[in-house]
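Please open the model in your viewer, with side chains available as sticks, and follow the stops below in order. Each stop says what to select and then what is found there.

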Amino acid sequence: MADIKEDASNVMAFDALYTTNQIQKLKVLLPYIEPSMQKHLAVYIKYMEFQYTLNLTKKHPATLCGCGLSQSEKPDLHKLCKELSLYSTPAEIRQLEQMQSIIQTMETVKEMSQTMSAMQEIFPDMNMDSLFENPFGEDGCADFSDGQEASGESAASPMLSMLMNMLSPEQKQMFEMFQNNPPIS
């Protein structure tokens, strides 16, 4: 429960900024009003919030303090997905989870790329391409089983086998997809 309140803090801060105590009092009174009048009062409350927001943004057109990321700060996409899921349908939550999975895979690929660059700097005479000599067989499928023959052709390199064993099955699948279709630069 504490996590939900913490994750909803941006929404509560926004709501607090764009309302007044008078509007908040009307929200408190809403359940005590005759049911036939509640919808009219709800519309009136929203109208008052809209009017207050327009006036506030006209008076203070600059960016609101604390309502944005600094220029140098990168957004935490995992946190953003988690916060959005509080207000999402089950289908939208699945999409957010898929997005988080893709983000995680991209971060892993980036880390692997940085590792390879560091290895190239440490061993400048080593040909990095030779570390990853054709681990794919004739069928285009990889065999990352501890240096065994890959579909009858050449053995998968020890370095590639080691790196591939560090990946989850989903990450391996993503790597194979990128290996077969290199990104366009």
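Select Glu49 and Lys46, which form a salt bridge whose closest N and O atoms are 3.3 Å apart; a salt bridge here is a side-chain nitrogen of Lys or Arg within 4 Å of a carboxyl oxygen of Asp or Glu. This is a predicted model, in which local features need pLDDT of at least 70 and side-chain atom pairs count only at pLDDT 80 or more, while totals for chains, interfaces and linings use all residues. Residues are numbered from 1 along each chain as its sequence is written, and side-chain values use heavy atoms, with hydrogens and water left out.

Glu49 and Lys46 both lie in helix H4, three residues apart, which is about one turn of the helix. Helices (H or I, at least four residues) and strands (E, at least two) are DSSP runs, numbered from the N terminus. Colour the two side chains by exposure: Lys46 is exposed, at a relative accessible area of 54%, whereas Glu49 is buried, at 12%. For these words, buried means under 20% relative accessible area, exposed means over 50%, and partly exposed is in between, with a 1.4 Å probe and protein chains only.

Keep Glu49 selected and add Lys27, because Glu49 also forms a salt bridge with Lys27, with the closest N and O atoms 2.6 Å apart. Glu49 belongs to helix H4 and Lys27 to helix H3 (residues 21-29), so this pair ties together parts that are 22 residues apart in sequence. Lys27 is partly exposed, its relative accessible area being 30%. With the three side chains on screen together, you are looking at a network of salt bridges that links Lys27, Lys46 and Glu49.

How many salt bridges does the structure hold? There are three, and to see another of them, select Glu83 and Lys79, whose closest N and O atoms are 4.0 Å apart. These residues are four places apart in helix H5 (residues 77-85), and about one helical turn therefore separates Glu83 from Lys79. Glu83 is buried, with a relative accessible area of 13%, while Lys79 counts as partly exposed at 46%.

Stay with H5 and now show helix H6 (residues 90-122) as well: the two helices pack at an angle of about 175 degrees, with their axes 10 Å apart. The axes are lines fitted to C-alpha atoms, for helices over the stretch in contact, and the angles run from 0 to 180 degrees between N-to-C directions. H5 and H6 are therefore roughly antiparallel to each other, a label given to angles over 145 degrees. To see the side chains at this meeting, select Leu77, His78, Cys81, Lys82, Leu84 and Ser85 in H5, which meet Ile93, Leu96, Met99, Gln100, Ile103, Gln104 and Glu107 in H6; contact means heavy atoms within 4.5 Å.

From that group, centre on Leu84, which is partly exposed at a relative accessible area of 43%. Draw a C-alpha to C-alpha distance from Leu84 to Ala8, and the viewer should give 9.3 Å for two residues that are 76 apart in sequence. Then move to Gln95, located in helix H6 and exposed, with a relative accessible area of 52%. The C-alpha atoms of Gln95 and Ser85 are separated by 9.7 Å, with the two residues ten apart along the chain.

Further along helix H6, select Thr108. Is this side chain's residue buried or exposed? Thr108 is buried, with a relative accessible area of 12%, and, not counting residues up to four places away in sequence, Thr108 touches Leu167 and Gln171.

Next, switch on the surface and select Leu29, Tyr32, Ile33 and Met37, which form a nonpolar patch with about 430 Å² of accessible area together. Patches are made of residues with over 30% relative accessible area and no salt bridge, like charges being joined within 9 Å and nonpolar side chains (Val, Leu, Ile, Met, Phe, Trp, Tyr) within 5 Å. Accessible areas come from the Shrake-Rupley method with a 1.4 Å probe, and for residues only the protein chains shown count as cover. Within the patch, Met37 lies in helix H4 (residues 35-59) and counts as partly exposed, at 43% relative accessibility.

Finally, zoom out to the whole protein, which has nine helices and zero strands. Of its 185 residues, 21% count as buried, and its accessible surface comes to about 14100 Å², of which 59% belongs to carbon and sulfur atoms.

Key:
Angles under 35 degrees count as roughly parallel, over 145 as roughly antiparallel, 65 to 115 as roughly perpendicular and the rest as oblique.
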